[in-house]
Amino acid sequence: MKKALLALAAVAALAAVSSPAMADQALATSKNCMACHAVDKKLVGPAYKEVAAKYAGQKDAVDKLAVKIIKGGSGVWGPVPMPANAQVNEAEAKKLAAWVLTLK
C-alpha cells in the first residue's frame, strides 16, 4: 500500500512539473480570459500566440502585459477594447502573462 501511494505521489509530481502550461491555461479559464482569447486563433481578442510573438524579446513584457490584464486597454489590437479584469490580482496577472509569452 505504501509503495502504491508513493508511486501515485511520484506520478502526480511529474505531471505537475511536466505540464505547467496546462495549469496556467486552467487559470486563464477560471478567470474568464478564454471567453475572449484562444491559444491559437483570434476570438474577440487576439490569439495568445499572436500576443507572444508581438512581445517576444521584450524584457518588460510580463509586467507590461500584467498591467493590461488588470486594467484593460485599447488600440493595440484593433478597435475592440479589452475590459479591466478586477477579479485578477497582480500575482495571477504576472503568471498569466508569463504563460502567454511561452506560447509559440
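Buried means under 20% relative accessible area. Keep that cut-off in mind on this tour, and remember that what you have open is a predicted model.

**Stop 1: the whole chain**

Start with everything shown as a cartoon. You'll find five helices and zero strands, so to speak a plain α-α-α-α-α pattern as you read along the sequence. The chain has 104 residues, and 28% of them count as buried. If you switch on contacts between residues at least 6 apart in sequence, 45% of them join residues at least 24 apart.

**Stop 2: Glu92 and its neighbours**

Now select Glu92, which sits in helix α5. Is Glu92 buried or exposed? Its relative accessibility is 18%, which is under the 20% cut-off, so Glu92 counts as buried. Show what lies around it: leaving aside neighbours within four places in sequence, Glu92 is in contact with Leu27, Lys31 and Gln87.

Go to Gln87 next, in the loop between α4 and α5. Gln87 has 37% relative accessibility and therefore counts as partly exposed. With neighbours within four places set aside again, Gln87 is in contact with Lys31 and Glu92. Try a distance label here: Gln87 and Lys31 are 56 residues apart in sequence, yet their C-alpha atoms are 7.0 Å apart in space.

**Stop 3: the largest nonpolar core**

Time to look inside. Which residues of the largest nonpolar core touch the most other members? Select Ala28, Tyr48, Ile69, Leu96 and Trp99: of the 18 residues in this core, these are the ones. Colour the elements that give two or more residues to the core, and you'll be colouring α2 (20-30), α3 (48-55), α4 (61-71) and α5 (90-102). The largest share comes from α5, with five residues. As background, nonpolar side chains in soluble globular proteins tend to be buried together.

Stay for a moment on Leu96. Not counting residues up to four places away in sequence, Leu96 touches Asp24, Leu27, Ala28, Cys33, Ile69 and Val88.

**Stop 4: where α3 meets α5**

Hide the rest and keep α3 and α5. How do the two helices cross? Their axes come within 7 Å, at an angle of roughly 85 degrees. The two helices are therefore roughly perpendicular to each other. To see the contact itself, show side chains for Tyr48, Val51, Ala52 and Tyr55 on α3, and for Trp99, Val100 and Leu101 on α5. Sorted by class, this contact has seven nonpolar residues, no polar ones and no charged ones.

Keep the α3 side chains on screen, since Tyr48, Val51, Ala52 and Tyr55 are also buried. Turn the view until you look down the axis of α3: the buried residues fall within an arc of 100 degrees, so they line one face of the helix. Then step past the end of α3 to Gly57, which follows the helix and has a positive phi, near 85 degrees.

**Stop 5: α4 and its buried side**

Bring α4 back and select Ala61, Leu65, Ala66 and Ile69, the buried residues of this helix. Look down the axis of α4 and you'll see them within an arc of 125 degrees, so they line one face of the helix. What covers these residues? The cover includes α3 and α5. Past the helix comes Gly72, whose phi is positive, near 85 degrees.

**Stop 6: the loop between α2 and α3**

Finish with two residues in the loop between α2 and α3. Begin with Asn32, which is found in this loop. Asn32 is not a glycine, although its phi is positive, at about 70 degrees. Its relative accessibility is 55%, so Asn32 counts as exposed.

Then pick Gly45, in the loop between α2 and α3 as well. At 10% relative accessibility, Gly45 counts as buried. Not counting residues up to four places away in sequence, Gly45 touches Cys36 and His37. One last label to draw: from the C-alpha of Gly45 to the C-alpha of Gly78, a distance of 8.9 Å between residues 33 apart in sequence.

How values were computed: Residues are numbered from 1 along each chain as its sequence is written. This is a predicted model: local features need pLDDT of at least 70, side-chain atom pairs count only at pLDDT 80 or more; totals for chains, interfaces and linings use all residues. Side-chain values use heavy atoms; hydrogens and water are left out. A nonpolar core is a set of buried Ala, Val, Leu, Ile, Met, Phe, Trp, Tyr and Cys residues joined through side-chain atoms within 4.5 Å. Buried means under 20% relative accessible area, exposed over 50%, partly exposed in between (1.4 Å probe, protein chains only). Helices (H or I, at least four residues) and strands (E, at least two) are DSSP runs, numbered from the N terminus. Contact means heavy atoms within 4.5 Å. Axes are lines fitted to C-alpha atoms, for helices over the stretch in contact, and angles run from 0 to 180 degrees between N-to-C directions. Angles under 35 degrees count as roughly parallel, over 145 as roughly antiparallel, 65 to 115 as roughly perpendicular and the rest as oblique. Ala, Val, Leu, Ile, Met, Phe, Trp, Tyr, Cys and Pro count as nonpolar, Asp, Glu, Lys and Arg as charged, and the others, Gly among them, as polar. The arc is that of the directions from the helix axis to the C-beta atoms.
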